[in-house]
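Welcome to this short tour of a protein chain. Take a moment to turn the model around before reading on.

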Amino acid sequence: HVKDPHKRRPIIGAKFNIVGEGNIDYKSLFKQAIDNGYEGFFSLETHALRNKEETSRKSLDNMAKWLNEL
């Protein structure tokens, strides 16, 4: 489940951002998965509270770019 926390928030947990602009190095994680023979799926679940469609599209664009590069 691909989501990228930007910062911790009291009560609600974390504020999520566009994948690639938060705290997780997904390109490196995707590379490790592929290098180890992973052939499954990566599920984008941005958990965005605002601008949901824009956040999802930009996150998907980032994921596609990294996976194509790998």
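About how many helical turns separate Arg 57 and Glu 53 in helix α2? The two residues are four positions apart in that helix, so about one helical turn lies between them. Keep in mind that this is a predicted model, and let us now step back to see the whole chain.

## The overall picture

The chain contains two helices and two strands. Reading from the N terminus, the order of these elements is β-β-α-α. If you draw a box around the C-alpha atoms along the principal axes, the box is roughly 40 × 20 × 20 Å.

Of the 70 residues in the chain, 23% are buried. The surface that the chain exposes comes to about 5,300 Å², and carbon and sulfur atoms supply 49% of that area. How much of the contact pattern comes from residues 24 or more positions apart? Among contacts in the chain with a separation of 6 or more, such residues account for 48%.

## The nonpolar core

Let us look inside. In soluble globular proteins, nonpolar side chains tend to be buried together. Here, the largest nonpolar core is made of six residues: Val 2, Val 19, Tyr 26, Phe 30, Met 63 and Trp 66. Helix α1 (26-35) and helix α2 (52-69) are the elements that each give two or more residues to this core.

Val 19 is a good residue to click on. Leaving out residues up to four places away in sequence, Val 19 touches several core members, including Val 2, Tyr 26, Met 63 and Trp 66. The contacts of Val 19 also include Lys 3, Asp 4, Leu 44, Ser 59 and Asn 62.

## Charges and salt bridges

The chain carries 12 positive and 10 negative charges, and the mean positions of these two groups are 9 Å apart. Some opposite charges pair up: a search of the whole structure finds four salt bridges. Here are three of them.

| Salt bridge | Distance between closest N and O atoms |
|---|---|
| Lys 27 and Glu 69 | 2.5 Å |
| Lys 31 and Asp 35 | 2.6 Å |
| Arg 57 and Glu 53 | 2.8 Å |

Why does the pair of Glu 69 and Lys 27 tie together parts that are 42 residues apart in sequence? Glu 69 lies in helix α2 while Lys 27 lies in helix α1, so their pairing links those two parts of the chain. Glu 69 has a relative accessible area of 48%, which makes it partly exposed. Lys 27 is also partly exposed, at 33%.

The pair of Lys 31 and Asp 35 stays inside one helix: both residues lie in α1, four residues apart, which is about one turn of the helix. Lys 31 is partly exposed, with a relative accessible area of 40%, whereas Asp 35 is exposed at 53%. As for the pair we began with, both Arg 57 and Glu 53 are exposed.

## The loop between the helices

Now follow the chain into the loop between α1 and α2, where you will find Thr 46. Is Thr 46 buried or exposed? Its relative accessibility is 8%, and because buried means under 20%, Thr 46 counts as buried. Apart from neighbours within four places in sequence, Thr 46 is in contact with Val 2, Lys 3, Phe 16, Thr 55, Ser 56 and Ser 59.

His 47 is found in the loop between α1 and α2 as well. Although His 47 is not a glycine, its phi is positive, at about 60°. With 43% relative accessibility, His 47 counts as partly exposed.

Asn 51 also has its place in this loop. Its phi is positive too, near 50°, and Asn 51 is likewise a residue other than glycine. Asn 51 has a relative accessible area of 55% and is exposed.

Finally, Lys 52 is in helix α2. With a relative accessible area of 54%, Lys 52 is exposed. How far apart are the C-alpha atoms of Lys 52 and Tyr 26? They are separated by 20 Å, and the two residues are 26 residues apart along the chain.

Notes
Residues numbered from 1 in each chain as written. Predicted model: local features only at pLDDT ≥ 70, side-chain atom pairs only at ≥ 80, totals over all residues. Heavy atoms only, no water. Core = buried A, V, L, I, M, F, W, Y, C linked by side-chain atoms within 4.5 Å. Buried < 20%, exposed > 50% of the residue type's maximum accessible area, 1.4 Å probe, protein only. Contact = heavy atoms within 4.5 Å. Areas by Shrake-Rupley, 256 points an atom, 1.4 Å probe, with all protein chains shown as cover. Lys, Arg positive; Asp, Glu negative; His and termini not counted. Charge placed at Lys NZ, Arg CZ, Asp CG, Glu CD. Salt bridge = Lys/Arg side-chain N within 4 Å of Asp/Glu carboxyl O.
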